[in-house]
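Trainee: I am new to this structure and would be grateful for a close look at a single part of it. Please let the account stay with that part and its surroundings.

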Amino acid sequence: YSRNKSQSMRMARLKGTIEKVYLRQDNILIITAGLLIGFGIVMVASASLHLGAREGEIMRYVDKHLFALGLGIILAISAYFTPISWWEKNSGWVYFIGLGLLIIVFIPGLGREANGAIRWVAVGSLSLQTSEFMKLFIVIYMAGYVVRRQLEVTNTIWGFIKPLILLLAACFLIMLQPDFGTTVVILATAFGMLFLAGAPLWQFGLLLGLAGSSLAALIYFSPYRMARVTSFLNPWEQAQDAGYQLSQALIAFGRGEWTGVGLGNGIQKQFYLPEAHTDFVMAVIGEELGLLGTIAIIFLFSIFVWRAFAIGYTAEKYGRKYAAFIAYGLGLWIGMQAFINIGVNMGILPTKGLTLPFISYGSNSLIVCCLATGMLMRIHSENCQSSGQYSKEGSSWQRA
């Protein structure tokens, strides 16, 4: 009898834990992230099978993508079970760890160069792209800063400028790699978080002017960046040179029309469109799934950003400001990077080397996006606990 009673109690506790975890999930967020990841697996396969076949291993890129997804899911689960208070307590250390990783890239024998850029650190058979993780670390650090110094941010220009000095150190190291696109995303995310924290608009006007002037100078004095900007304005003038990649992407969208040519039937990815499985996977989607597929991807990203901001708003309503700004920052980062990538693919923005979150082939990008999703799920779970939406009755958790 005592043995049966003990087993019943253990089963009740297990059931209570499962109910507690299940009822505290944002199902819309999980489904949206799952659909984006599913799209990514399918489109990476479609865009890379011919590359794998040429290298003698047809599923090479798909296998690597799935391996990265497995690591990402493990990290997402770890993030879900990590209290947001832990990130708040260690936000400063997290930022300086990120700076250390950016410096390691330039140490001979550790940093790895590809396509003229030094962005990776060899970790066994994997390559760690430290700038991808820095996007997340910036959000963690900025959330801590705006919560600790909110009065300074809203009332003094020094409170607005102070965190940007540290950010410029990270951006300087990233530009040395060079990685202009990541720098833009990091600065835009930081500015967005400061704006949401209540920084006056005139400060934004001043600093955006300075930032815009600096970026313009970087473009003007860098021939390859200038070529990207001029080719973006009229890619057909240099369709066989600087505008080649964008021209091929636009041809892909044009071929797709309303419903696309069919999954796997795209032509542009077959050695016409460079980086079709990474930076320009959206063009492959446009060709094979058409306007409807493109709109579906944009809709999913809109839902993801909406849920991030909704989770942040709820956290702020319950006085959990750090968690709120983490959610806001993650929504800004994912949303802006998706916007820039899609804009580049469609010729709305100059060409930049940025992945499409959750979808593009790129182990580091996928892992960090999964980690961000796990953190959003944790914030939502803590929101539910703060709201008293769930109450403990007996040995199980039930809806209040």
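To begin with, is lysine 162 buried, exposed or partly exposed?

Mentor: The model is predicted, and the description that follows rests on it. Lysine 162 is partly exposed, because its relative accessible area is 24%, which lies between the limits of 20% for buried and 50% for exposed. This lysine belongs to helix H8, which covers residues 157-175. The side chain of lysine 162 forms a salt bridge with glutamate 152, and the closest N and O atoms are 3.1 Å apart. Glutamate 152 lies in helix H7, residues 150-155, and the two partners are 10 residues apart. Glutamate 152 is likewise partly exposed, with a relative accessible area of 24%. Salt bridges with shared partners also bring in Arg149, so that Arg149, Glu152 and Lys162 form one network. In total, the structure holds eight salt bridges.

Helix H8 has a further neighbour, helix H9 (residues 180-196). The axes of the two helices are 9 Å apart, and the packing angle is about 170 degrees. Because an angle over 145 degrees counts as roughly antiparallel, H8 and H9 are roughly antiparallel to each other. Their crossing is right-handed. On the side of H8, the contact is made by Phe160, Pro163, Leu164, Leu167, Cys171, Ile174 and Met175. H9 contributes residues including Phe180, Ile186, Leu187 and Phe191. The residues of this contact comprise 13 nonpolar, two polar and no charged.

Technical notes:
Residues are numbered from 1 along each chain as its sequence is written. This is a predicted model: local features need pLDDT of at least 70, side-chain atom pairs count only at pLDDT 80 or more; totals for chains, interfaces and linings use all residues. Side-chain values use heavy atoms; hydrogens and water are left out. Axes are lines fitted to C-alpha atoms, for helices over the stretch in contact, and angles run from 0 to 180 degrees between N-to-C directions. Helices (H or I, at least four residues) and strands (E, at least two) are DSSP runs, numbered from the N terminus. Angles under 35 degrees count as roughly parallel, over 145 as roughly antiparallel, 65 to 115 as roughly perpendicular and the rest as oblique. A crossing is left-handed if the near helix is turned anticlockwise from the far one by less than a right angle, and right-handed if clockwise. Contact means heavy atoms within 4.5 Å. Ala, Val, Leu, Ile, Met, Phe, Trp, Tyr, Cys and Pro count as nonpolar, Asp, Glu, Lys and Arg as charged, and the others, Gly among them, as polar. A salt bridge is a side-chain nitrogen of Lys or Arg within 4 Å of a carboxyl oxygen of Asp or Glu. Buried means under 20% relative accessible area, exposed over 50%, partly exposed in between (1.4 Å probe, protein chains only).
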